[in-house]
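Here are a few friendly notes to go with the structure you sent over. I have kept them short, so you can read them with the viewer open.

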Amino acid sequence: MHNGANGSDPASYVTRNSHGSVVAVNHRVHSDHEIYRMEIEKIFGRLWILVGLELEIPHPGDFKTTYIGEAPVVVVRDLAGKVRVFENVCVHRGTKLVRSSCGSAQAFKCMYHQWTYALDGRLIGVPLSQGYGPSFVKENYSLPELPRVETFAGLIYASYDRSIAPLEQYLGGFAAYAREIMHDGDVEFMGFQRYHVKANWKLFVENTIDGYHPGLLHMPIMLDRSNYAYQPGVGKSAKFGHGHGLLQWPVTRATDWDPLKDLPLTACLSRSEGWNYVSDIFPNTMLLQIEDILTVRQVIPRGHEAVDVITYNLAVKGESEEIKRHRALVVSAQFGIAGVASLDDKLVMEAAQAGAPARYTGTILLRGKLEAGEGDLTDEVSLRGFYEGWVEAMTA
Ligand code: FES
Ligand SMILES: [Fe+2]
């Protein structure tokens with residue numbers, strides 16, 4: 001172990017200053033499989049975890065499949081309209097039950113021995129059931145259901161922890177921002193992308209809420225002929241407790257946008273004022289509203305060295321087709337599997353992962369006023385907050 005890190009004590013992997021701010025993180029948290037196992041239990045196995053958006057399952061019978069940490073789950077709107085989340089596993093012999101990524105169903109039937117479940121989780125069909133004898137009672141074999149499910153501004157969350165505080169309480173001071181960015185859930189779905197990065201899930205979150213790198217790493221895309229200028233000193237980086245954080249800066253509007261010379265991002269059609277946000281609800285939700293980009297990122301860890309990210313690309317309900325078309329163009333030009341910014345970001349996230357096995361185990365988060373809950377846009381306040389939330393969850 002290095003820098004006093006002790007495998008069984010996650011708090012020993014961070015350094016705090018006299019104000020309690022996390023100012024350094026041991027790089028082992030990105031490369032150590034034991035730490036990762038602990039995260040699956042203590043973070044993904046306990047906290048409120050994003051599993052999708054309400055607009056994915058608008059009607060009774062609609063379902064989607066996803067993961068909470070590594071556990072497969074199915075999110076369903078039952079016939080009474082209630083959103084439920086089950087582990088996506090047949091209780092007979094543990095076979096993954098629902099194989100499609102989404103759809104609409106009257107019931108779920110396991111392909112193996114064809115046990116069938118109602119959308120509220122009840123076991124309703126067992127072929128050749130007489131072989132189980134009279135003591136076998138179907139009521140004892142419902143699908144394993146997540147005990148807590150809540151929705152907020154169109155986002156669906158589930159937790160394995162029966163006694164976890166209500167979601168809005170967990171969001172705390174960030175709740176108002178989440179509502180604003182999500183337009184209270186009044187959004188339309190325009191498609192999604194899934195991309196895979198060979199980096200620890202925390203490096204993905206870090207990169208997203210890092211306001212220091214855009215004007216540097218992404219300089220080539222900032223230097224096209226646009227009026228879009230990232231201005232250090234304008235905007236803020238803030239933390240909200242429990243690991244939630246955001247970057248906030250004003251919308252800019254290019255007046256002489258030229259499609260041959262400028263990035264699509266630089267023509268903001270949907271609004272001419274207000275704020276851009278890049279934010280993280282700890283641990284796995286990122287809400288982004290940057291000019292015409294409105295997107296939710298769901299982070300799914302894939303072992304300690306890889307992550308899948310699902311991005312939901314959104315428009316505000318009632319917007320014109322022209323604005324929606326532009327939003328679709330901007331988000332795919334900028335972010336996702338072929339976006340110019342995401343390609344840069346993937347490169348540095350994977351390079352950060354490649355650096356994790358070095359004997360040098362420091363990674364420092366010293367930028368800005370260390371005692372403050374917010375700072376300049378390029379300060380590392382949101383990152384300090386993220387790792388403070390990480391320690392809180394890992395030591396709870
Ligand atoms: S494993 Fe599902 S019915 Fe047997
Ligand atoms: Fe970036």
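1. Let's begin at alanine 178. In this predicted model, and leaving aside neighbours within four places in sequence, alanine 178 is in contact with Phe152, Ala153, Leu171, Ile281 and Leu287.

2. Alanine 178 is also one of the residues with the most contacts inside the largest nonpolar core. That core has 95 residues, and Ile49, Val51, Val75, Tyr157 and Phe204 are named alongside Ala178 for their contacts. Helix 9 gives the most to this core, contributing six residues. As for its place in the structure, the core lies between domain 1 (49-159) and domain 2 (174-395), because both of them give residues to it. As background, nonpolar side chains in soluble globular proteins tend to be buried together.

3. Helix 9 deserves a look of its own. It covers residues 381-395, 15 residues in total. From its first C-alpha to its last it reaches 21 Å, close to the 21 Å expected at 1.5 Å a residue.

4. Is helix 9 largely enclosed or left open by the rest of the structure? It is largely enclosed, because eleven of its 15 residues are buried. Buried here means that 20 or more other C-beta atoms lie within 10 Å of the residue's own. If you would like to colour them in your viewer, the buried residues are Val381, Ser382, Leu383, Arg384, Gly385, Phe386, Tyr387, Glu388, Gly389, Trp390 and Ala393. You will spot charged residues in that list, including Arg384 and Glu388.

5. Now to the sheets. One open sheet has four strands in the order 6-5-4-7, with antiparallel pairing. Strand 6 (83-87) and strand 7 (102-104) are the edge strands, each pairing on one side only. From one strand to the next, the twist averages 25°.

6. Within that sheet, strand 4 (residues 62-68) runs antiparallel to strand 7, and three bridges join them. One place to find this pairing is aspartate 62, whose bridge partner in strand 7 is serine 104.

7. Another open sheet has three strands, ordered 8-9-10 and paired antiparallel. Strand 8 (107-109) and strand 10 (123-125) are at its edges with a single partner strand each, so one side of each has no neighbour in the sheet. The twist here averages 35° from one strand to the next.

8. Strand 8 pairs with strand 9 (residues 116-118) in the antiparallel sense, over three bridges. To locate one of the pairs, look at lysine 109: its bridge partner in strand 9 is threonine 116.

Definitions and conventions:
Residues are numbered from 1 along each chain as its sequence is written. Chains are lettered from A and ligands numbered from 1 in the order in which they are written. This is a predicted model: local features need pLDDT of at least 70, side-chain atom pairs count only at pLDDT 80 or more; totals for chains, interfaces and linings use all residues. Two strands pair if DSSP finds at least two bridges between them. Helices (H or I, at least four residues) and strands (E, at least two) are DSSP runs, numbered from the N terminus. Axes are lines fitted to C-alpha atoms, for helices over the stretch in contact, and angles run from 0 to 180 degrees between N-to-C directions. The expected span of a helix is 1.5 Å times one less than its number of residues. A residue is buried if 20 or more other C-beta atoms lie within 10 Å of its own, exposed if 12 or fewer, and partly exposed in between; C-beta atoms are placed from the backbone. A nonpolar core is a set of buried Ala, Val, Leu, Ile, Met, Phe, Trp, Tyr and Cys residues joined through C-beta atoms within 7 Å. Domain bounds come from an automatic or database domain assignment. Two residues are in contact if their C-beta atoms, placed from the backbone, lie within 7 Å.
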